[in-house]
Amino acid sequence: MRIEDNKIFIRQSWLGDALMCPERARLSALHPESRKENDSAMMGTACHTGIEAVLNEEVLPVHMGDHAVESFRWKEKELIEIGKAINITNTNPSHWNTHIRSMCDAWLRDIYPNVPLGGTSEFKFSTQVGMIDDYELHFEGTMDYFHQESIWDWKTAGRKYYQAEKQSQNIQSSIYTKAAYEMGMIDYPATFKFGVMIRNASSTGQIVSVSRTEAHGNWIVEQATALARTVLMYNKLGTGGRWLINDQHFLCSQRWCPVWDKCKGSYLNSDNAEEAE
């Protein structure tokens, strides 16, 4: 979230973080240098690069895997040059290339044939969706692939998605369809599709479709408004203290939280935290 003059801008990733743990969202915004380049996220980014190149006809589908691996290794080289390393979470580094190629194959085989052509990759947006007192509320972000028929987002994951879970709880689909609706690009009800690649050496692709209505759009604006009001209240108080802290989820850990050492990790290290809990 950022505030410029009388405008408040919210991205789906920040809103998701803030609803899960407001303090994580605050610290992540204050300390962008704490962001870790973890293995699973970097492999996902590499696959995104390959997908975008295929959709934009920059590389042939047969070369997609090589293109993605090359992108991954180039990013790894950049990290090494600035004295950083890939944060290893739950994958074996010797399998990175194999996993990336396998996920690219899964996308080409199981997802690509169902993607409507003629859309726009990496579609950036920023649009007003409401008012908070004297502030304009804007949603902003980048859609992986926009088509009037459906909005697509490419995901790499350790397990298959559950459609019912995404239909009832997903924030990203609500924000993206609301923004597209406000920009006059789609009508409700709208379809949002996840193109999921399972992260392993024999990856399979999965398409998970969710439907979003005007009610979903109004609800996500209500959620964003409530959170933005809280931020404005904190700013007005000017205490500079912590926001609400929630450690009751698995992402609150040294492995998964980029600002762990500035929050719970400043009290408990990863070893005695496990013993205490």
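This passage describes selected helices, strands and a cavity of a predicted model.

Helix H3 covers residues 39–55. The helix holds 17 residues, and the distance from its first C-alpha to its last is 24 Å, close to the 24 Å expected at 1.5 Å a residue. Twelve of these 17 residues are buried, so H3 is largely enclosed by the rest of the structure. The buried positions include Asp39 and Ser40 at the beginning of the numbered range, and Ala53, Val54 and Leu55 at its end. Between them, Met42, Met43, Gly44, Ala46, Cys47, Gly50 and Ile51 are buried as well. The buried residues of H3 pack against both helices and strands: the helices are H4 (64–81) and H5 (96–111), and the strands are E3 (120–132), E4, E5 and E6. After H3 comes Glu57, which has a positive phi, near 60°.

Three of the strands packed against H3, namely E4, E5 and E6, can be followed through their pairing. Strand E4 spans residues 135–147 and is joined to E5 by three bridges, with the two strands running antiparallel. E4 and E5 form a hairpin in which two residues lie between the strands. In this pairing, His147 stands opposite Ser150 of E5.

Strand E5 (residues 150–157) also pairs with E6, here in a parallel arrangement with seven bridges. Two positions illustrate this pairing: Trp154 stands opposite Gly195 in E6, and Lys155 has Val196 of E6 as its bridge partner. Seven of the eight residues of E5 are buried, and E5 is therefore largely enclosed by the rest of the structure.

Strand E6 comprises residues 190–198. Eight of its nine residues are buried, so this strand too is largely enclosed by the rest of the structure. Besides its parallel pairing with E5, E6 is joined by eight bridges to strand E7 (residues 205–212), and E6 and E7 run antiparallel. Ala190 has Arg212 of E7 as its bridge partner. A hairpin of six residues leads from E6 to E7.

Helix H1, residues 12–20, includes Gln12. The relative accessible area of Gln12 is 19%, which is under the 20% cut-off, and Gln12 therefore counts as buried. With neighbours within four places in sequence left aside, the contacts of Gln12 are Glu140, Ile171, Gln172, Ile175 and Tyr176. One of these contacts, Glu140, falls within the residue range of strand E4 (residues 135–147).

The remaining feature is the enclosed space. Rolling a probe the size of a water molecule over the atoms shows where empty space is left. The structure holds one cavity of 30 Å³ or more. The volume of the largest cavity is about 80 Å³. Its lining includes Cys21, Glu23 and Arg24, together with residues much later in the numbering, among them Asn246, His249, Leu251 and Cys252. Cys257, Trp260, Cys263 and Lys264 also line the largest cavity. By class, six of the lining residues are nonpolar, two are polar and three are charged.

Terms used: Residues numbered from 1 in each chain as written. Predicted model: local features only at pLDDT ≥ 70, side-chain atom pairs only at ≥ 80, totals over all residues. Heavy atoms only, no water. Helix = DSSP H or I, 4+ residues; strand = E, 2+ residues; numbered from the N terminus. Buried < 20%, exposed > 50% of the residue type's maximum accessible area, 1.4 Å probe, protein only. Contact = heavy atoms within 4.5 Å. Pairing = 2+ DSSP bridges. 1 Å grid on protein atoms, 1.4 Å probe; cavity = no way out; pocket = protein on both sides within 12 Å on 5 of 7 lines; lining within 4 Å. Points joined across faces, edges and corners; volume = space filled by probe spheres on them. Nonpolar A, V, L, I, M, F, W, Y, C, P; charged D, E, K, R; others polar. Expected span 1.5 Å × (residues − 1).
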